[in-house]
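Trainee: Could you show me how to read the features of a protein model? I would like to learn the general idea and then see the case here.

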Amino acid sequence: MGLSTVYSPVGSHLVPAPLGTGAAHRRSAQLHRPRRALLATVRCSVDAAKQVQDGVATAEAPASRKDCFGVFCTTYDLKADDKTKSWKKLVNVAVSGAAGMISNHLLFKLASGEVFGQDQPIALKLLGSERSFQALEGVAMELEDSLYPLLREVSIGIDPYEVFEDVDWALLIGAKPRGPGMERAALLDINGQIFADQGKALNAVASRNVKVLVVGNPCNTNALICLKNAPNIPAKNFHALTRLDENRAKCQVALKAGVFYDKVSNVTIWGNHSTTQVPDFLNAKIDGRPVKEVIKDTKWLEEEFTMTVQKRGGVLIQKWGRSSAASTAVSIADAIKSLVTPTPEGDWFSTGVYTTGNPYGIAEDIVFSMPCRSKGDGDYELATDVSMDDFLWERIKKSEAELLAEKKCVAHLTGEGNAFCDLPEDTMLPGEV
Ligand code: LMR
């Protein structure tokens with residue numbers, strides 16, 4: 001492997017890397033600077049995939065590498081190493097909001113191999129803002145210092161068209177939080193712009209089969225905006241994160257039943273990642289038995305359980321003084337793992353997906369959290385062996401109405417005409433309780 005850290009002046013565009021092997025790799029090995037910045041910067045990369053495939057040891061002429069230091073000046077041949085020669089092809093993962101709290105938990109999980117597997121080398125492409133660029137450098141430095149064997153490249157930048165180039169996964173975390181006195185419609189518009197731009201960038205430069213997970217709130221509608229702006233990427237590839245809500249629901253059920261959470265399965269979060277979300281206790285199971293058979297307290301299930309899950313994010317903000325970060329990162333890792341490993345027999349997981357052709361009768365053309373299963377190939381199918389009753393359906397319709405109203409607010413960002421914003425009064429993000 002050729003591993004390099006280079007100080008170099010970088011202007012407005014990609015600079016051909018002096019180190020490494022092929023042109024394609026050189027392109028991806030850049031550490032992107034803000035367009036106007038002309039300061040010295042750091043590039044960190046390991047061209048593992050190229051060398052795993054080619055078995056090439058790229059001994060660099062010492063004269064061409066005078067800028068490197070320490071371990072980054074060392075060149076290895078991965079084919080010669082029993083531990084790495086069976087590794088998979090490099091996976092490119094972009095993370096936006098990379099200097100934020102959620103990313104700070106997530107990036108180290110991704111780099112450690114716990115998400116994509118211990119035979120999966122990874123390139124991390126970190127997207128930040130001009131304001132956060134120095135912090136991004138700090139994140140990249142900490143990643144370097146962690147010596148993760150599977151982490152083969154780190155690049156940072158503020159231009160999604162550069163950062164998203166050839167990415168296989170885009171984890172879109174960065175978004176503006178709702179400020180004091182800000183109308184929810186304004187939040188939808190501000191964040192919607194970000195996700196419209198990122199959708200366009202993904203459409204232009206990402207892998208044609210990129211999987212996109214939207215975390216920045218309001219994540220369902222942001223995911224819808226993103227996919228509408230990326231018509232060349234299958235709409236099925238876009239997800240809104242509701243796995244955090246599923247995890248929260250599992251925890252509450254386990255607590256009430258007095259079992260550990262690994263006994264709780266088939267928990268669906270239906271709908272929006274907001275206070276209208278519907279944690280489904282009708283289909284959920286404890287040790288293979290319907291939750292309603294184990295927890296006889298229907299009033300608790302219908303009222304306390306449901307509200308606790310819906311408002312968990314807000315209660316957490318009251319305690320912490322900020323949004324959930326560690327548990328959100330864990331749930332992002334869980335959401336990815338659910339797509340890259342086969343779903344355990346009979347179980348399913350929740351994720352917000354595009355509703356086209358859904359079997360439940362939920363309105364088409366929104367992003368709605370539903371029960372899914374995966375073969376572990378990054379794709380999913382909707383679970384069809386689910387029951388519905390009036391209580392569940394009535395609540396699902398409320399969350400659906402909220403998402404349809406949100407969609408009207410962002411029509412100017414989805415290419416569907418003029419926006420008309422008339423949101424239900426109680427519409428809130430979990431963090432706005
Ligand atoms: C959460 O559910 O914890 C967050 O989405 C809350 C928020 O509004 O940031």
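Mentor: Let's start with charges and rings: a charge sits over a ring if NZ of Lys or CZ of Arg is within 6 Å of the ring centre and within 35 degrees of the ring normal. Here, Arg-322 lies over the face of Trp-320, 3.8 Å from the ring centre. Likewise, the charged end of Lys-236 is placed over the ring of Tyr-380, at 4.9 Å from its centre.

Trainee: What should I know about the model itself?

Mentor: This is a predicted model, where local features need pLDDT of at least 70 and side-chain atom pairs count only at pLDDT 80 or more, while totals for chains, interfaces and linings use all residues. Residues are numbered from 1 along each chain as its sequence is written, and side-chain values use heavy atoms, leaving out hydrogens and water.

Trainee: How many helices and strands are in the protein chain?

Mentor: Helices (H or I, at least four residues) and strands (E, at least two) are DSSP runs, numbered from the N terminus. The protein chain has 13 helices and 16 strands.

Trainee: How do I read a sheet?

Mentor: Strands of a sheet pair through backbone hydrogen bonds, either parallel or antiparallel. Two strands count as paired if DSSP finds at least two bridges between them. One open sheet here has 3 strands in the order β9-β12-β13, with antiparallel pairing. β9 (264–265) and β13 (289–290) are at the edges with a single partner strand each, so one side of each has no neighbour in the sheet. Between β9 and β12 (residues 285–286) there are 2 bridges, and Ser-265 has Lys-285 in β12 as its bridge partner.

Trainee: And a helix? Which residues of α3 are buried?

Mentor: An expected helix span is 1.5 Å times one less than the number of residues. For the 12 residues of α3 (residues 101–112) that gives 16 Å, and the end C-alpha atoms are 18 Å apart, which agrees. Buried means under 20% relative accessible area, exposed over 50%, and partly exposed in between (1.4 Å probe, protein chains only). In α3, the buried residues are Ile-102, Ser-103, Leu-106, Leu-107, Phe-108, Lys-109, Leu-110 and Ala-111. Contact means heavy atoms within 4.5 Å, and the elements that these buried residues pack against include β4 (122–127) and α11 (326–340). After α3 comes Gly-113, with a positive phi near 95°.

Trainee: How do I describe two aromatic rings together?

Mentor: Rings of Phe, Tyr and Trp (its six-membered ring) pair if their centres lie within 6.5 Å; planes under 30 degrees apart count as stacked, over 60 as edge-to-face and the rest as tilted. A search of the whole structure gives 7 aromatic pairs. In one of them, Phe-116 and Trp-169 have ring centres 5.5 Å apart and planes at 70°, so the pair is edge-to-face. Both Phe-116 and Trp-169 are buried. Phe-281 and Phe-391 have ring centres 5.6 Å apart and planes at 50°, so this pair is tilted. Phe-281, Trp-300, Phe-305 and Phe-391 form one aromatic cluster.

Trainee: Is Thr-351 buried or exposed?

Mentor: Thr-351 is buried, with a relative accessible area of 7%, and lies in strand β14 (residues 349–354). Its side chain makes a polar contact with the side chain of His-239 (2.8 Å). A polar contact is a pair of N or O atoms within 3.5 Å; within protein, one must be able to donate a hydrogen and the other to accept it, and residues adjacent in sequence count only if both atoms are side-chain atoms.
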